[in-house]
Amino acid sequence: MSGEQNRTAIVTGAARGIGAATARRLAHDGFAVAVLDLDEQACKSVVAEFESVGGRGLAVGADVSDEEAVTAAVERVASELGAPTVLVNNAGILRDNLLFKMTVTDWDAVMNVHLRGAFLMSRATQKYMTEAKWGRIVNLSSTSALGNRGQVNYSAAKAGLQGFTKTLALELGRFGVTVNAIAPGFIATEMTQATAARMGVSFEELTKTLVERIPVNRPGTPDDIAHAVSFFTSEGASYVSGQVIYVAGGPTT
Ligand code: NAD
């Protein structure tokens, strides 16, 4: 633990995948970290992991698209762990389909978790950041924001998060709050494993096909993304705001 700060971070969707790696990394960086996901029980093992090496955390069960749950979760973090001045909007779901087969339910579900969730979480935490005159918000976008067949809901939400990021950067900059986005490419997690299953191919087959198009010749890992979050949330990144960084093993088109 570097212990450089006495600050509290919330990472949403942190029971597994990119969120869990990010929570571990921010704990290592010295933040107290609230691990927030739908199932509080599932968050506890992530917290236990970094507490066993000297970190401090809290497992919080909440649905980021539920206004009351978000308010209660953020208040709980503030009283039990400390005022949250770092927020990583990472919770996400896929409901892929071609437009003509996409249901309104699948459209709404994706918008609700990614966009409404990021809005509710950012709104609930910004008061702690503006009071502290210091804050960091990092939003998880995706290379799918540039367009991806079968993901009209997801790509719209992830592109929406880029506009959300730039606008919040304009509004919150004067309070010492930076807002940035990370757009990962192909990262090996349960989300991409589920994609392979839905496509009827093994994860190894999907990886092989996709890696052929990735210049650094490997799939991304959750730690690759956590590292970028660590940069954006660091003290030294206070002049970097409103940016979208593609973490995809090469340039994106
Ligand atoms: P994942 O499916 O492994 O984990 C997502 C987590 O979000 C899960 O633990 C899930 O329970 C949680 N979650 C879902 N809905 C929620 C809600 N309403 N409230 C609270 N938590 C909720 O996914 P991942 O691959 O780790 O992806 C993390 C983020 O990165 C997502 O926003 C995803 O869209 C984005 N992303 C992933 C990839 C990739 O290749 N894996 C690429 C680009 C972007």
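The following dialogue examines how the terms applied to this predicted model are justified.

Mentor: In this predicted model, local features need pLDDT of at least 70 and side-chain atom pairs count only at pLDDT 80 or more, while totals for chains, interfaces and linings use all residues. Residues are numbered from 1 along each chain as its sequence is written, and side-chain values use heavy atoms, with hydrogens and water left out.

Trainee: What makes the pair formed by the ligand and the side chain of R16 a polar contact?

Mentor: A polar contact is a pair of N or O atoms within 3.5 Å; within protein, one must be able to donate a hydrogen and the other to accept it, and residues adjacent in sequence count only if both atoms are side-chain atoms. A ligand oxygen lies 2.8 Å from an N or O atom in the side chain of R16, so the pair meets the distance limit. Polar backbone atoms of I18 and of I187 are each 2.9 Å from a ligand oxygen.

Trainee: Why is the ligand said to lie between domain 1 and domain 2?

Mentor: Domain bounds come from an automatic or database domain assignment. Both domain 1 (3-185 + 221-245) and domain 2 (186-219) give residues to the shell around the ligand, so the ligand lies between them.

Trainee: Why is strand 1 called mostly covered?

Mentor: Buried means under 20% relative accessible area, exposed over 50%, and partly exposed in between (1.4 Å probe, protein chains only). Five of the five residues in strand 1 (residues 8-12) are buried. T8, I10 and T12 point one way and A9 and V11 the other way.

Key: Helices (H or I, at least four residues) and strands (E, at least two) are DSSP runs, numbered from the N terminus.
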